[in-house]
Amino acid sequence: MIDAISFNDKTLRYLDQRYLPLREEYVSTRDHQEAIEAIKTLAVRGAPLIGVAAAYTVILGINSFKGTKAEFPEFFGTLITDVEASRPTAVNLFFATARLKKVYDDHYEADTIETLFAKMLAAARKIHDDEIANCDAMSRHGVELIKADLADILKTRKLNVLTHCNTGTLATGGSGTALGVIKLAWQEGLIERVISAESRPLLQGLRLTAWELEQEKIPFISISDSSSAFLMQRGMIDFGIVGADRIAANGDTANKIGTCAHAISAWHHNIPFYIAAPVSTIDITLSDGTQIPIEERNADELRTIFGTQVATPTTPVLNYAFDVTPGKYLRGIITDKKAVVGNYVTELKLLVE
Ligand code: MRU
């Protein structure tokens with residue numbers, strides 16, 4: 001049983017994903033700076049889990065506060081700024097800090113500092129519980145849509161599904177977004193094999209998705225990111241499904257770098273390609289994907305492979321962590337509330353209201 005993140009006795013405990021699958025190392029901390037570092041370094045990662053980790057990091061921060069009630073607003077403002085500076089793309093992080101800021105805004109005046117902190121902890125736990133429940137709802141909606149879309153193939157055989165990055169328990173704390181849909185579809189006997197793209201440079205697909213699928217005993221095969229178009233051409237992929245880090249109001253979706261190439265290939269080959277993400281990943285304030293902040297990470301992530309230098313230290317590198325897939329390439333966006341097909345502008349707005 002994977003325990004991606006937990007919070008008990010004022011302590012945050014997480015599975016350090018940087019060492020998987022070779023080493024299963026759990027880290028416990030009461031230090032919010034250490035927790036911020038864990039988010040920055042991808043020790044904890046995946047949009048929904050980043051949101052949960054950010055919420056508990058704020059709780060670690062407030063637990064370390066030793067000042068008077070009058071001194072708290074300045075401390076809290078700096079704490080939120082530090083947590084929000086950890087990773088820019090996954091909007092779930094900002095969704096989590098906004099929820100805790102609202103508890104502060106609503107209760108700071110009337111409550112004692114102890115009562116205020118207790119309410120914030122309850123809000124953080126609710127974010128965690130909600131993400132777990134969201135995965136189950138999303139999986140159900142996703143399986144229904146896939147059954148309907150791929151009914152003709154399912155009359156004669158099971159399906160081969162492409163996924164990218166890691167979107168399972170490690171990325172959510174629950175069963176997963178895209179991987180949650182895949183797990184339920186497998187349980188219902190719809191899946192022949194999962195085709196898992198490695199997700200260069202940090203290999204979330206090759207290391208983490210493979211590890212989860214092995215534990216679930218779901219048949220899979222890992223491929224390099226650049227193989228998907230060829231496999232589609234050969235009829236080896238029936239549909240694609242991935243998660244999201246931020247979805248703009250028109251359905252344009254930021255996800256792990258490489259996603260857009262899979263989606264365009266799928267569109268070219270007339271293969272349905274889906275996004276699975278909780279409503280907390282929709283950023284209705286951005287009209288389209290050009291406005292989504294895209295994280296650019298350290299060049300050494302590309303110039304080295306797990307510590308081994310593979311290019312000269314002076315090789316110029318562009319290391320975007322995410323890309324944006326235009327909504328037109330997506331067959332549907334599967335959320336915890338419903339699966340949206342077609343008119344994203346109207347439907348996504350209704351979902352967040
Ligand atoms: O950089 P990461 O590993 O945090 O990126 C994760 C992804 O891109 C996932 O596909 C996305 O967060 C959806 S997770 C349920």
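Domain bounds here come from an automatic or database domain assignment. This is a predicted model, where local features need pLDDT of at least 70, side-chain atom pairs count only at pLDDT 80 or more, and totals for chains, interfaces and linings use all residues. Residues are numbered from 1 along each chain as its sequence is written, and side-chain values use heavy atoms, with hydrogens and water left out.

**Exercise 1. Work out which parts of the protein supply the shell around the ligand.**

Step 1. Begin with the domains. Domain 1 (5-131) and domain 2 (137-352) each give at least three residues to the shell.

Step 2. Go to the secondary structure (DSSP runs numbered from the N terminus: helices are H or I with at least four residues, strands are E with at least two). Helix H2 (47-63), helix H7 (169-172) and strand S9 (253-256) each supply at least two shell residues. H2 gives the largest share, three residues.

Step 3. Sort by class. Eight shell residues are nonpolar, eight are polar and four are charged. In this scheme Ala, Val, Leu, Ile, Met, Phe, Trp, Tyr, Cys and Pro are nonpolar, Asp, Glu, Lys and Arg are charged, and the others, Gly among them, are polar.

**Exercise 2. Find the side chains that make polar contacts with the ligand, and say how much of the ligand is buried.**

Step 1. List the nearest residues. Of the 20 around the ligand (a heavy atom within 4 Å), Arg-45, Arg-87, Asp-245, Asn-255 and Lys-256 come nearest.

Step 2. Check the polar contacts, meaning pairs of N or O atoms within 3.5 Å. A polar side-chain atom of Asn-255 is 2.6 Å from a ligand oxygen. For Asp-245, a side-chain N or O atom is 2.8 Å from a ligand oxygen. For Gln-204, a polar side-chain atom lies 2.9 Å from a ligand oxygen.

Step 3. Read the burial. Alone, the ligand exposes 410 Å², and the protein buries 100% of that. Areas use the Shrake-Rupley method with a 1.4 Å probe.

**Exercise 3. Locate the unusual backbone geometry.**

Step 1. Look for cis peptide bonds. Leu-20 to Pro-21 is cis, with omega near 0°. Arg-200 and Pro-201 are also joined by a cis bond, with omega about 5°.

Step 2. Place both prolines. Pro-21 is in the loop between strand S2 (11-15) and strand S3 (26-29). Pro-201 is in the loop between strand S5 (191-197) and helix H9 (204-216).

Step 3. Check phi. Cys-165, a residue other than glycine, has a positive phi near 65°. Cys-165 lies in the loop between strand S4 (159-164) and H7.

Methods. A polar contact is a pair of N or O atoms within 3.5 Å; within protein, one must be able to donate a hydrogen and the other to accept it, and residues adjacent in sequence count only if both atoms are side-chain atoms.
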